[in-house]
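Biologist: I am new to this structure and would like to learn how to read it. Could you take me through its features one at a time?

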Amino acid sequence: MEYVAELGISREDFEAVADRFTQRTFRCRGYHHLRQRTNVFPTGTAIVDGAVVRGFPSIPRTLQLAEGVHKHFDGRFVAEEKLNGYNVRVVRLPDGEILGFTRSGVVCPFTTSVVRRDLSLDDFFDANPETMLCGEMVGPENPYTTCAYPEVDSIGFFAFDVRDRATGAPFPVDARNQCCDRFDIPQVPSFGRFDPDDVSDLRTVIADLDAEGREGVVMKSSDGERLLKYTTSAANQGNLSYGFQYPFDYGKEYVFPRVLREAFMAVEQDDDEKTRGEREHAVGEAILGPFIEAIRAVEAGEVLAETHVVRGDPIVLDELLEHLRNLGLTVTIESDRTRDGERLLAFSKQYRSSTDSILAYLDGQPFGE
Ligand code: ATP
Ligand code: MG
């Protein structure tokens with residue numbers, strides 16, 4: 001890998017991180033990406049033809065809404081909906097090709113095709129050539145994170161940031177809103193501005209999101225620099241019941257933070273006895289329910305797997321399958337039909353580690369060996 005000036009680091013520092021990058025190709029174009037963060041670059045930083053695509057930053061999470069925003073923001077801040085899908089960065093390379101990157105800095109052929117189809121990207125990048133458009137791809141027909149949203153039929157992109165492609169410096173929130181509006185790029189819903197010393201209105205917003213089973217909020221300083229996230233109980237519990245469908249793939253590091261969120265929420269919201277009882281019950285059910293079902297399924301001879309449905313151009317969906325297999329996933333086609341040039345494909349991703357562990361324990365293998 002050759003020295004890349006656009007990274008903004010010295011040759012020596014570059015040498016120290018160069019071997020952490022993984023090489024891949026997208027339609028004959030080679031590129032490098034960082035699957036894990038280093039102390040110099042965030043996860044997902046990619047280099048394509050000497051152009052740097054900076055990784056999306058990790059957003060800190062508060063467990064206490066009132067204290068969290070009070071400490072984190074020194075003036076009014078914006079709260080936006082946190083949509084539950086997958087993170088996408090869209091860029092236009094100097095030669096004009098538009099690419100869609102997923103979180104770890106991999107170019108996804110499906111995502112690239114959806115954003116090219118749905119968004120006026122040439123106009124956007126003519127006006128903002130050095131930027132990357134960051135957003136969440138959500139909806140039921142989703143190859144990575146399936147989550148139903150009443151406003152999305154298949155899959156849709158919602159912008160939450162415009163950043164400098166190479167440095168990752170964000171646009172201020174108002175500037176990003178204006179520039180996305182100008183090119184009709186859909187954005188995540190915004191709930192407006194809030195005072196860090198009075199979160200009562202924000203609590204109402206979060207309670208409404210929770211009642212609708214939605215994920216939470218991302219709060220942002222007006223300059224776009226400081227970010228903080230907070231999730232609903234519905235999301236925390238939904239995460240638990242999702243993860244415990246594949247208990248040995250998601251594992252111990254997955255469960256603790258999610259139980260922690262519920263415990264701190266119960267205290268901040270000062271649960272009365274009834275609410276607390278309901279929460280305890282719900283968390284227990286979210287963990288044990290899917291876990292028991294997973295064991296039963298394996299006992300009945302099934303391989304644990306997650307089904308995704310995707311719709312689109314037949315060739316792009318072939319590329320997607322190849323892409324997922326190249327990433328090391330075991331993918332099985334469940335149904336496949338093409339009508340009027342549009343293909344509807346259902347495929348499943350196998351969870352081998354959970355299936356094999358459950359099989360072994362069912363077979364009497366001692367735990368902890
Ligand atoms: P990390 O902790 O590294 O950020 P994660 O997978 O745990 O990764 P999440 O808990 O999903 O991340 O929260 C951060 C992600 O939320 C962002 O990377 C982005 O994809 C997504 N997101 C959804 N809505 C928004 C929004 N309005 N503003 C910013 N990010 C958003
Ligand atoms: Mg997410």
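Modeller: Start with a sheet, and keep in mind that this is a predicted model. An open sheet of 4 strands runs in the order β1-β2-β3-β4, and its pairing is antiparallel.

Biologist: Which are the edge strands?

Modeller: They are β1 (21–26) and β4, each of which pairs on one side only. From one strand to the next, the twist averages 25°.

Biologist: How many bridges join β2 to β3?

Modeller: Strand β2 (residues 29–34) and β3 are antiparallel and joined by 3 bridges. To find your place, look at Y31, which stands opposite V48 in β3.

Biologist: What comes after β3, and where is D49 found?

Modeller: D49 is in the loop between β3 (46–48) and β4 (51–53). For the backbone, begin with the general idea: most residues other than glycine have a negative phi. D49 has a positive phi, near 50°, and is not a glycine.

Biologist: Is D49 buried or exposed?

Modeller: D49 is exposed, because its relative accessible area is 53% and the cut-off for exposed is over 50%.

Biologist: Where is D184 found, and what is its phi near?

Modeller: D184 lies in the loop between α5 (173–182) and β10 (190–194). Its phi is near 55°, again a positive value in a residue other than glycine. D184 has 66% relative accessibility and therefore counts as exposed.

Biologist: How do I read a strand that is buried? Take β7 as the case.

Modeller: Count its residues against the cut-off, where buried means under 20% relative accessible area. In strand β7 (residues 98–102), 5 of the 5 residues are buried, so the strand is largely enclosed by the rest of the structure.

Biologist: Which residues of β7 are on one side, and which are on the other?

Modeller: I98, G100 and T102 are on one side, with L99 and F101 on the other. All of them are buried, and both faces of β7 are covered.

Biologist: In what sense do β6 and β7 pair?

Modeller: Strand β6 (residues 86–92) pairs with β7 in the antiparallel sense, over 5 bridges. One bridge to look at has V90 with G100 of β7 as its partner. The hairpin of β6 and β7 has 5 residues between the strands, and G96 in this hairpin takes a positive phi near 100°.

Biologist: Now the ligand. How many residues surround ligand 1?

Modeller: There are 16 residues around ligand 1, and the closest are E81, K82, N87, E136 and K220. By class, this shell has 6 nonpolar, 2 polar and 8 charged residues.

Biologist: Which atoms of S58, L83 and R103 should I look at beside ligand 1?

Modeller: For S58, look at a polar side-chain atom, which is 3.1 Å from an oxygen atom of ligand 1. R103 also has a polar side-chain atom beside an oxygen atom of ligand 1, at 3.2 Å. With L83 it is a backbone N or O atom, lying 3.1 Å from a nitrogen atom of ligand 1.

Biologist: What share of ligand 1 does the protein bury?

Modeller: Taken alone, ligand 1 exposes 620 Å², and the protein buries 76% of that.

Biologist: Which elements give two or more residues to the shell around ligand 1?

Modeller: They are β5 (77–82) and β11 (216–221). β5 gives the most, with 3 residues.

How values were computed: Residues numbered from 1 in each chain as written. Chains lettered and ligands numbered in written order. Predicted model: local features only at pLDDT ≥ 70, side-chain atom pairs only at ≥ 80, totals over all residues. Heavy atoms only, no water. Near = heavy atom within 4 Å. Polar contact = N/O pair within 3.5 Å; in protein donor to acceptor, adjacent residues only side chain to side chain. Areas by Shrake-Rupley, 256 points an atom, 1.4 Å probe, with all protein chains shown as cover. Nonpolar A, V, L, I, M, F, W, Y, C, P; charged D, E, K, R; others polar. Buried < 20%, exposed > 50% of the residue type's maximum accessible area, 1.4 Å probe, protein only. Pairing = 2+ DSSP bridges. Axes fitted to C-alpha atoms, helices over the stretch in contact; angles between N-to-C directions.
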